[in-house]
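Got this fold open in your viewer? Let's walk through it, from the chain as a whole to its nonpolar parts.

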Amino acid sequence: MVSKFAALSSVSLFALIGASPALAQDPPKTPSQAAAPADTASTDIVVTGIRASLAKAADIKRDSYNVVDSIVADDIGKLPDRTVAAALQRVPGVQVTVGDNNEIVNPIIRGLPDILTTLDGREIFTGTGRGFSYQDLPAEALAGADVYKSNSAELIEGGVAGVINLRLHKPFDFKGFTLAANARAVYSGNAQEVNPVLGLLVSNRFETGLGEMGLLADISYSHNKFDRPVAFNCDFRSGTQGPPGAAGIIAPTCVGGVEQQGTYERKQANVAYQWKAAPGLEIYANGLYTRYSNKSASYFQIDDVFSGTSFSNVQKTNECKDYAVNGAGFYDPAGTVQNLCTASSFTSTGHGGFTSTQAHYDRTSVYIISGGAKYRSGNLSLSGDVSYQHSEVRNQNFILDVFKSGNGITTNVATNVNGGTVYNDTVNGLGDPTNFALSPLNQDNVRDRGKEFAAKLDGTYKISSILDNIQFGARFANHSATHQQSLGGTCGTVCGTLISNVPFLDSNFLVHALGTPTINNGFGIIVPNQDELRDPAVQNRLRALYGLGAGFPDFTPDRSFSATEKTYSGYLQAAYKVPISGPITLDGQIGGRYTRTERQISGASFVTPASTTAVPNPAPVLTPFGATTADNDFLPSVSARMRFGGGLQARATYSRAIARPSFGDLNPGLSYLISTNSLILPAGSGGNPNLRPQKSDSYDATLEYYFSRNGFVAIGGYYKDIKDRVISQSQVELINGFSYNITRPRNVGAVSLKGIEVSAQTFFDFLPGRLNGFGVFGNFTLADSKVKTAGDPLFGQSIQGVSKYNYNIGGLYDKKGLTGRVVYTYRSSYYDENYGGTNVRPVGQTLILNQVRPNGRLDASIGFEFRKGVTLSIDGTNLTRAKYRSYYGDSNLPRDYRFDDSSYSLGVAVRF
């Protein structure tokens with residue numbers, strides 16, 4: 001992989017630096033072209049400074065027929081934020097979450113994650129999924145991004161939430177020879193490490209005897225060491241069935257934490273070639289390669305407080321309710337009714353506990369090659385594009401649990417302190433290195449591959465009357481995906497063996513990991529060394545000790561599937577422009593897109609035959625499955641925009657969209673670790689072959705006033721009807737005699753989503769001197785959603801993942817080389833899971849939603865161009881140390897408390 005990265009970079013850079021510069025440049029794009037998500041040869045779209053980037057984004061918003069918001073890089077290699085998803089959160093209606101590696105990930109539009117991502121107008125995805133993992137593409141590579149909240153016929157179908165088009169730089173974006181380099185040192189507050197981010201872009205355009213040509217190469221590299229601590233309460237249960245002293249309370253069956261610690265690297269190289277072969281004819285070719293690799297560990301710790309010999313020092317809250325529980329004290333709607341009060345604190349004596357290292361080695365690679373031509377003659381414009389994409393995900397996870405042997409642990413627990421658990425081991429705790437013994441060994445091996453060949457033809461015929469132009473086009477895509485996995489776990493004959501008695505495990509095998517602040521005052525825990533668990537030699541010695549064969553086990557058919565999908569699409573769209581009176585005009589588009597999808601999926605799963613008298617308990621049988629489906633959809637769209645003059649305009653749009661189920665969601669096979677530890681309820685996931693495509697009808701209306709080059713105020717309303725919305729739901733399933741908490745996707749029938757978006761930005765140009773460099777921006781989104789299918793367990797609830805209130809508010813400065821930005825981002829509470837575990841619930845209540853508390857974070861940056869083309873910048877993220885906090889449907893029953901990172905960076909950028 002390194003050789004591919006180096007070859008792509010070095011060859012292109014050599015060609016660029018050796019080429020002679022030219023002064024010729026294209027005329028600027030028309031407004032309609034500027035908003036098109038295509039691989040266009042735009043000119044002079046490279047902007048510098050906050051003021052210019054906001055002005056460019058306002059131009060795109062104003063001139064598009066669609067409801068679209070954009071972000072534009074402040075300069076080459078500098079989006080407003082350090083990751084693509086983090087920059088997108090500044091767009092009205094876009095929400096994000098924080099991933100395990102502390103990066104902001106997974107943008108969702110108006111609360112919905114079903115987004116189609118395109119790169120210069122071409123569909124892009126990761127592995128076997130429909131979506132794109134934004135961690136795979138560094139922000140340094142982008143010129144900008146457009147968020148389409150309404151659809152039109154020329155946009156590729158596939159996102160009921162909308163379309164995000166990411167834009168790379170092209171050589172004809174620049175006037176001539178351009179070289180831009182940037183370097184940044186990023187300090188992580190959690191990991192207390194400094195990490196590098198590097199980028200280099202070289203572009204040139206030059207005249208030849210065959211016409212003007214342009215070449216561009218862009219490379220970037222980042223390395224990051226991270227730490228993300230999490231504290232959690234396990235499922236709450238009745239203490240009446242627990243140890244002595246616990247009667248009459250509900251308390252967590254265990255308390256624990258997980259430290260996500262490790263490093264990741266991100267490499268990217270892209271090249272672009274443009275050639276004006278003749279007047280009106282341009283030929284182009286592009287290549288992109290990205291690689292993301294992650295070597296990290298999930299360090300788990302569990303204090304199994306309910307296995308103790310007694311509870312003492314019990315303090316109860318006034319929250320007392322009737323609960324129906326089974327003989328173990330867990331939820332059972334047909335169980336015994338007990339009146340129980342929530343425990344606020346207690347001491348558990350003599351209980352068990354264990355730690356675990358999940359040693360990850362995860363890699364993702366994506367490469368895309370594309371090429372095409374654009375032709376314009378008179379009123380006719382044509383463009384053809386062919387592309388091939390390959391995406392591979394390779395994840396290997398080697399897991400070893402170790403438990404605390406001896407006389408048992410004593411732990412003081414406070415179940416709810418500021419929305420999370422706080423506890424301390426006072427005797428024989430998990431931070432004490434003595435008496436650790438072997439527990440189960442597990443392995444997880446995954447390889448996902450996704451490939452797509454796509455070809456499309458687009459055309460526009462200019463009429464220049466009330467009917468301004470006609471657009472038409474067709475697209476073919478052949479998409480394939482394969483998923484392979486093996487899982488295994490065992491105790492062998494060695495569980496309980498003290499690690500000190502295993503001769504090949506040296507003194508470095510157990511290490512002291514960083515701690516979670518609310519557990520043992522952040523002291524940390526004893527865990528197996530993640531580096532040793534990733535060492536193939538150590539792995540094979542441990543496998544032999546546990547009675548397993550060398551290497552990761554072969555992929556198994558019950559955890560694997562393959563799929564192919566062919567898509568045929570065509571569209572016809574007319575743009576109109578009607579003069580009304582004076583400056584008042586009405587324009588818009590009317591069109592439709594027809595698409596046919598042909599899909600095949602095959603795999604296998606274990607099916608248990610019906611019992612008979614002769615075989616009352618039949619063994620599961622590996623059963624192949626296959627499905628062939630075809631869908632035909634017509635997707636109409638209509639837009640109208642009234643321009644009143646003076647910068648005031650109103651628009652209304654209607655569009656229909658679809659989102660196809662991901663291949664993994666359709667796979668009926670299960671993915672779970674074999675249950676070998678009695679202290680926890682194991683989890684897993686599975687697919688649902690009966691999933692139907694989601695369909696939405698969307699209505700938008702906006703009123704916008706552009707009062708200056710970079711200033712506007714906009715208010716809009718939207719309504720979306722969605723049929724067959726897909727959500728995830730977990731429930732306890734019995735597999736081979738063990739209970740597992742299995743999460744599967746399912747359709748929920750009809751849901752609706754409506755809301756209001758307000759946004760504004762301006763610089764105070766009327767102020768004197770340096771004061772007119774100040775500016776402000778802000779946006780607010782209200783998203784009101786509801787499940788409307790009677791009889792559905794979620795009937796009347798909001799849609800999973802939707803926060804009702806979201807806003808960004810910030811201050812800006814851009815004057816005489818000094819730039820600054822401070823932004824506060826907020827989202828209100830939401831739920832991210834329909835939890836179906838064993839957690840107790842009041843009589844009559846069957847639903848538990850994992851509710852996430854409101855969250856806001858503050859980011860800031862400042863830059864100064866101290867000499868022409870050289871800029872020094874300082875950035876800070878999550879300066880408020882915002883945290884993710886969730887609870888089991890009842891705010892008195894906390895679940896996760898995640899300590900999101902704050903970071904600070906110092907960077908320098910050079911351009912000439």
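What follows covers the overall make-up, the cores and a surface patch.

This is a predicted model, where local features need pLDDT of at least 70, side-chain atom pairs count only at pLDDT 80 or more, and totals for chains, interfaces and linings use all residues. Residues are numbered from 1 along each chain as its sequence is written, and side-chain values use heavy atoms, with hydrogens and water left out.

The protein chain has seven helices and 44 strands, taken as DSSP runs (helices H or I, at least four residues; strands E, at least two). Of its 912 residues, 57% count as buried, meaning under 20% relative accessible area with a 1.4 Å probe, protein chains only.

Now the nonpolar cores, which are sets of buried Ala, Val, Leu, Ile, Met, Phe, Trp, Tyr and Cys residues joined through side-chain atoms within 4.5 Å.

| Core | Size | Some members |
|---|---|---|
| Largest | 43 residues | Leu88, Leu119, Tyr134 |
| Second, separate | 25 residues | Ala297, Leu441, Ile499 |

In the largest core, helix α4 (residues 84–88) gives the largest share, five residues. Tyr134 is among those touching the most other members. Beyond its neighbours within four places in sequence, Tyr134 is in contact (heavy atoms within 4.5 Å) with residues including Val84, Leu88 and Ile164.

On the outside, a nonpolar patch of about 950 Å² includes Phe177, Leu818 and Phe912. Strands β40 (855–867), β41 (870–877) and β44 (903–911) each supply at least two of its residues. Phe177 sits in the loop between β7 (162–168) and β8 (178–188).

Definitions and conventions. Patch = residues over 30% accessible without salt bridge, like charges linked within 9 Å, V, L, I, M, F, W, Y side chains within 5 Å. Areas by Shrake-Rupley, 256 points an atom, 1.4 Å probe, with all protein chains shown as cover. Salt bridge = Lys/Arg side-chain N within 4 Å of Asp/Glu carboxyl O. Buried < 20%, exposed > 50% of the residue type's maximum accessible area, 1.4 Å probe, protein only.
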